[in-house]
Amino acid sequence: MELLITALIIAAVLFGIGLYGALSQTNLVMIMMGIELMLGAAMINLVAFWRFLHPDAFSLQMFVLVAMTVMALEGAVGFAIATQRFRTSGTVEMEESAELKG
Amino acid sequence: MISVQLILLIIFGLAAIWFGWRVFMTSSMVRSALSLLASMVAIGILFLVMEAEFLGVLQIMMMGTEMSIMAIFMMMYMMDPGGLGQMDMYHQKNISIAAGVIVTVFIVGAALAADWGTIATQFPGPHEQNRLLGMEILKRSMMIFETAGVTILTGMIASITVALSIKNSVEK
Amino acid sequence: MTPFLSGFMITLLFVGGVYFVAVLERCSMTGNVSWSGPARSFLLLFAQEEIKTRKHDKVFFETAPILFIGVILLTISILPFSRGSVVIDLGTGALFINAALVYIMVALLMAGWAVNGVYAMVGGWRALAQLIAYSMPVVMALTATVMRAESMFLTDIVESQQSLWNILYQPVGFILFYISALAIAFLPPFDLPVAEGELAGGVWADLTGARKLLFRLGRLALVLTLSVAVVVLYLGGWMGPWLPGFVWTFLKTLLVAASFFAVGHFIPRIRHDHLLEYNWKYGVPLALYNIFQVGVVLLL
């Protein structure tokens, strides 16, 4: 039991740090880093649930693979957007991208 | 009861948290990306401690590549001062700290309050895990796995399309 | 033979192998065999003054060489030298090789970044592009060997070659793995990150003394490690008549290492764009074809 709780608390703190980073940074790539930390925390949770609650349910491990796919995709699409922002406006600061603001 | 597994879990968990914290506390972009890499490797070692061997090794492998790519993109777009310049890269700092702390406290509270039922003691060994995960992927979850593959293809096409440079010239 | 004695023998042979690789490297560069040369350059680097560049990144400057050599020692510890003599028999050994090789790239990147010099940084980014590209054929070629063995234990992969070595069973995979091993160890003709001619030493340009020594030793051990990997995955590992297993492993390993340096001796350095183009356009599709071919042969 204490193993599961420890893993969950570690994941919770990592998620909090990731949320803080994603909200507070003004830079697109740094925001992506925050999101990656949050996904990493989610993966710790999934593995902990697999190991300590349902070791016979391999759809949980499958879910971790899907989360890794999401991480890689988030990286690829995020970098593409960063590249395009840099081409059009010369910076990836999110403070300066307010074109869609009504 | 304090077991070796618990001690390792705490040590590498603290390492993951520390490096995750360093990501947002340094003004050098490469250091920031490599701190994130260290944090992700610590998460991978946590998987190994929790006896999910395949996932741990896979995590360590994938994150090495991904975070190195992140480092080069940060260098390209952010004019790294090498930790010498003081850059102001924050906004809404108080709200963010409040959000982070509140969410953390909420999740920890939920984790402590929930009734987790019985803790499993029997689990398959590494070799058996590999086989069972393969069976899961190729039998019950095959559709999900193929969807993930198609999603990667879509992501590749989408990111290339987005990153193409826009040419405003009209001549053919 | 007792496990302790065989472990001792293997360590001794490994250290000797590293020395032999150093002699080979020297021979491939200068053309003459000098048995005392590596020892002299070891002492030279050992006693050399440690020059630190201006405004270097302190953390990475210290950790990069240690990460480099640590990763290589981890890789060597999972490779089986003979039946039963393997330090850690991982259930995901084949994947672990690739995971460890990725961190060579990270160590080069850190070293190139840390010294705060132009040549080193260009070398570091080159290493990033090169090693990402060439870890793709490695992991796909490994997949094909795992498919034949139906197990990720490296010992099982060796056992699966009892009837026919993998070099004959999947020659395409062997060629891809061999070339990628050259690229991952950044040996000539793939030595772009540390190119002497154009980057004045690249990643290692500004390193002196103990750090350079760790990198040099790590590179030699890396060549030996990749040779052992080629032997274990494609050349039947410890299998061979009359002699004990680990002797066969080492004989084959030294042969493979010598062939690495022979290739580098005769082929000029590849241009960086060609290097990436050949891999992504021809290497990766060939690796996929290799997986397909092995799958078909396994089903027949």
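The largest cavity in this predicted model has a volume of about 30 Å³. A search of the whole structure for cavities of 30 Å³ or more turns up one. What lines the largest cavity? The residues are Phe60(C), Phe61(C), Ala64(C), Pro65(C), Ala111(C), Ala114(C), Val115(C), Leu207(C), Arg211(C) and Phe215(C). Three elements of chain C give two or more residues each to that lining: helix H3 (58-78), helix H4 (93-114) and helix H10 (209-234). H3(C) provides the largest share, four residues. By class, the lining has nine nonpolar residues, one charged residue and no polar ones. You can find the charged one in the list by name: Arg211(C).

Next, an open space. The second largest pocket has a volume of about 920 Å³. Its lining counts 32 residues, and those nearest the centre are Phe19(B), Leu34(B), Ala38(B), Val41(B) and Leu67(C). So which elements give two or more residues to the lining of this pocket? From chain B they are helix H1 (4-23), H2 and H3, and from chain C they are H3 and H4. H2(B) gives the largest share of the lining, nine residues. Sorted by class, the lining of the second largest pocket holds 25 nonpolar, four polar and three charged residues. Please note that H3 and H4 of chain C appear in the lining of this pocket and also in that of the largest cavity.

Now the interfaces. The size of an interface is often given as the accessible area lost when the parts come together. I will start with chain B and chain C.

Chain B and chain C bury about 2,100 Å² between them, and 80% of that is on carbon and sulfur atoms. Which residues of chain B lose the most area to chain C? They are Val57(B), Met61(B) and His127(B), which together make up 25% of what that side buries. The contact involves 25 residues from chain B and 26 residues from chain C. How many salt bridges are there between chain B and chain C? The count is zero. There are two residue pairs in polar contact across this interface. On the side of chain B that touches chain C, helix H2 (29-49), helix H3 (53-78) and helix H5 (126-138) each supply at least two residues. H3(B) gives the most, with 13 residues. That side of chain B consists of 15 nonpolar, seven polar and three charged residues.

Last, chain A and chain B. Here 66 residues of chain A and 83 residues of chain B are in contact. The buried area is about 6,800 Å², and carbon and sulfur atoms give 79% of it. How many salt bridges cross the interface of chain A and chain B? The rule finds one. It joins Arg51(A) to Glu51(B), with the closest N and O atoms 3.2 Å apart. In addition, six residue pairs are in polar contact across the interface of chain A and chain B.

On the chain A side of this contact, helix H1 (2-24), helix H2 (28-52) and helix H3 (59-89) are the elements that give two or more residues. H3(A) supplies the largest share, 21 residues. By class, this side of chain A has 47 nonpolar, 14 polar and five charged residues.

To recap the spaces: the largest cavity has its lining in chain C, and the second largest pocket has lining residues from chain B and chain C.

Definitions and conventions. Residues numbered from 1 in each chain as written. Chains lettered and ligands numbered in written order. Predicted model: local features only at pLDDT ≥ 70, side-chain atom pairs only at ≥ 80, totals over all residues. Heavy atoms only, no water. Contact = heavy atoms within 4.5 Å. Buried area = accessible area lost by both parts, 1.4 Å probe. Salt bridge = Lys/Arg side-chain N within 4 Å of Asp/Glu carboxyl O. Polar contact = N/O pair within 3.5 Å; in protein donor to acceptor, adjacent residues only side chain to side chain. 1 Å grid on protein atoms, 1.4 Å probe; cavity = no way out; pocket = protein on both sides within 12 Å on 5 of 7 lines; lining within 4 Å. Points joined across faces, edges and corners; volume = space filled by probe spheres on them.
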